[in-house]
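Subject: Structure handover, with notes on pockets and helix packing

Hi there,

Here is the structure I promised to pass on to you. Could you open it next to this email while you read?

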Amino acid sequence: MDKPYYPYRPISSIDALARTLGVVPKLLCDLADDPASSYVKFTIFSKNGKQRDVYEPKYELKRLQKRINSRIFELVIFPSYLQGGIKDVEFPRDYIENSKIHAGSGALVSVDIKDFYNSIREPSVLSIFKNFFSFPDDVSCLLTRLVMLEGRVPQGACTSSYVANLIFHNSEYSLVSKFRAKGLAYSRLLDDVTVSATKPISQEESTLAIKSIAAMARKHDLRLNSKKTKVERSDDINADYAVTGVWVGHGVPKLRKDERRHIRHLVYICEKEYAKDCFSVEYHSLWNRVSGQVSKLTRLKHAQAKSLRERMGNILPKYDFQAKAKIIYECSRLLRRPVSSHKKIGVINNYRRLIYSIGILSRTDRSTAKALRRQLVERFAGVPSKAEMWS
């Protein structure tokens, strides 16, 4: 299938939308009328030090956006060339699955859409609800306001990745069909677009592919990031030849030798730091980062992944006496909370955080950890799961 498909009847009115989302119409309108008051802005920094603003929805809007996802967006059947931010149990999608589409290719064309989320404008989002879902104008306008902030798609809102996937709903499928007719493979992981060929392609062919993607983006006032546009050959030893961070020079995605060597060195550093102080906050953070890198090796089925995971298992972070006392104190406070507060988001988050901490505590004091966990689980027997909390 080359085109996203929504297999259900359109939502016909705002009242029907409210019923679909399990809220009253007034709440929909109130949140849509003043979205700015429903976000918390914070700044994060990338590895290269670049600053980026992220907007976290507050509880009511976040709950509503989660329902827009589960009751509207996640019902869409997405084609396989869309690989980012899509919940799909049957055909999982992520950066590694994306790289598999291009593994073993002879040429890569890599394109990045510049400032993607921030550059998506209201007419493009409105078109998704009006022309793709075929919702009436009032429903489409309301939903557009619920997933946008100050005329832009906010990075941090859970609905934003689905908006990004559907932004080219009326043009991307035809571009993919043209590429396939020429023997080219296409995929997009949100703002990262990749086109590959089994054999090296001419400069004219690669230029035409880039121009075709740029033309599709221009229809929505989006531009390509020329600094990140690359054309590579698999036989070029100096080329990265990677798709979303994974090397695809062979028939299956892998990490290059230097990256695998770097991960092994990180595990070695972890072992040295464990011997110095396995209780520190810094060591906990280091272990988590390195564990994530080892997990990447496991996902890609590298031979050394098993031994590295075993080594990481021998140097698990631990809690000292001070951290243990803090956990006991926080558990006693949480256990005193009235049952009527157990479904509050802050209480649920504290409960889950403490259950996680108790798991770490069990590495040094199993009996205390077991007792604390039993008390919490019994006291919070009715706490909803994450899915239930937002449903």
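Below are my notes on the pockets, the cavity and some of the helix contacts.

Before anything else, please keep in mind that this is a predicted model.

**The largest pocket**

I expect you will want to start with the open space. The largest pocket holds about 1500 Å³. Its lining is made up of 35 residues, and those nearest the pocket centre are Lys50, Arg52, Asp112, Asp191 and Lys228. Several elements each give two or more residues to this lining: the strands S2 (51-57), S3 (107-112), S5 (192-197) and S7 (242-243), together with helix H5 (116-119). The largest share comes from S2, with 4 residues. If you are thinking about the chemistry of the lining, it divides by class into 14 charged, 11 nonpolar and 10 polar residues.

**The second largest pocket**

Next comes a pocket with about 350 Å³ of space, the second largest. It is lined by 17 residues, with Phe279, Val281, His284, Tyr319 and Ala323 closest to the centre. Here the elements that give two or more residues to the lining are helices: H12 (281-299), H14 (321-335) and H15 (345-361). H14 provides the largest share of this lining, 5 residues. By class, the second largest pocket is lined by 7 nonpolar, 6 polar and 4 charged residues.

**The cavity**

How many cavities of 30 Å³ or more does the structure hold? The count is 1, and the space in the largest cavity is about 30 Å³. The residues lining the largest cavity are Pro4, Tyr81, Leu82, Asn165, Phe168, His169, Glu172 and Tyr173. That lining comprises 5 nonpolar, 2 polar and 1 charged residues. Glu172 is worth remembering, as this residue of the cavity lining comes up again in the H9 notes below.

**Helix packing**

A word on the description I use: two packed helices are described by the angle between their axes and the distance between those axes.

*H11 and H12.* Helix H11 covers residues 257-276, and its axis comes within 10 Å of the H12 axis, crossing at roughly 150°. The two helices are therefore roughly antiparallel to each other, and the crossing is left-handed. On the H11 side, the contact involves Glu259, Arg260, Ile263, Leu266, Val267, Ile269, Cys270, Glu273 and Tyr274. These meet Tyr283, Leu286, Trp287, Val290, Gln293, Val294, Lys296 and Leu297 of H12. Sorted by class, the contact of H11 with H12 has 12 nonpolar, 1 polar and 4 charged residues. H12 also gives residues to the lining of the second largest pocket.

*H9 and H10.* The axes of H9 (residues 172-181) and H10 (residues 203-218) also come within 10 Å, with a crossing angle of roughly 170°. H9 and H10 are therefore roughly antiparallel to each other. Glu172, Leu175 and Phe179 of H9 make the contact with Ala209, Ser212, Ile213 and Met216 of H10. By class there are 5 nonpolar, 1 polar and 1 charged residues in the contact of H9 with H10. So that you can connect the two sections: Glu172 takes part in this helix contact and also lines the largest cavity.

*H3 and H7.* Helix H3 (residues 59-71) and helix H7 (residues 137-147) have axes that come within 10 Å and cross at roughly 125°. That makes H3 and H7 oblique to each other, and their crossing is left-handed. H3 brings Leu61, Leu64, Gln65 and Ile68 to the contact, while H7 brings Leu143, Leu146 and Val147. Of the residues in the contact of H3 with H7, 6 are nonpolar, 1 is polar and none is charged.

**A long-range pair**

Which residue is 327 residues away from Arg63 in sequence but 5.2 Å away in space, C-alpha to C-alpha? The partner is Trp390. Arg63 has its place in helix H3. Leaving aside neighbours within four places in sequence, Arg63 is in contact with Leu27 and Trp390.

Happy to talk any of this through once you have had a look.

Best wishes

Key. Residues numbered from 1 in each chain as written. Predicted model: local features only at pLDDT ≥ 70, side-chain atom pairs only at ≥ 80, totals over all residues. Heavy atoms only, no water. Axes fitted to C-alpha atoms, helices over the stretch in contact; angles between N-to-C directions. Parallel < 35°, antiparallel > 145°, perpendicular 65-115°, else oblique. Left-handed = near helix turned anticlockwise from the far one by under 90°. Contact = heavy atoms within 4.5 Å. Nonpolar A, V, L, I, M, F, W, Y, C, P; charged D, E, K, R; others polar. 1 Å grid on protein atoms, 1.4 Å probe; cavity = no way out; pocket = protein on both sides within 12 Å on 5 of 7 lines; lining within 4 Å. Points joined across faces, edges and corners; volume = space filled by probe spheres on them.
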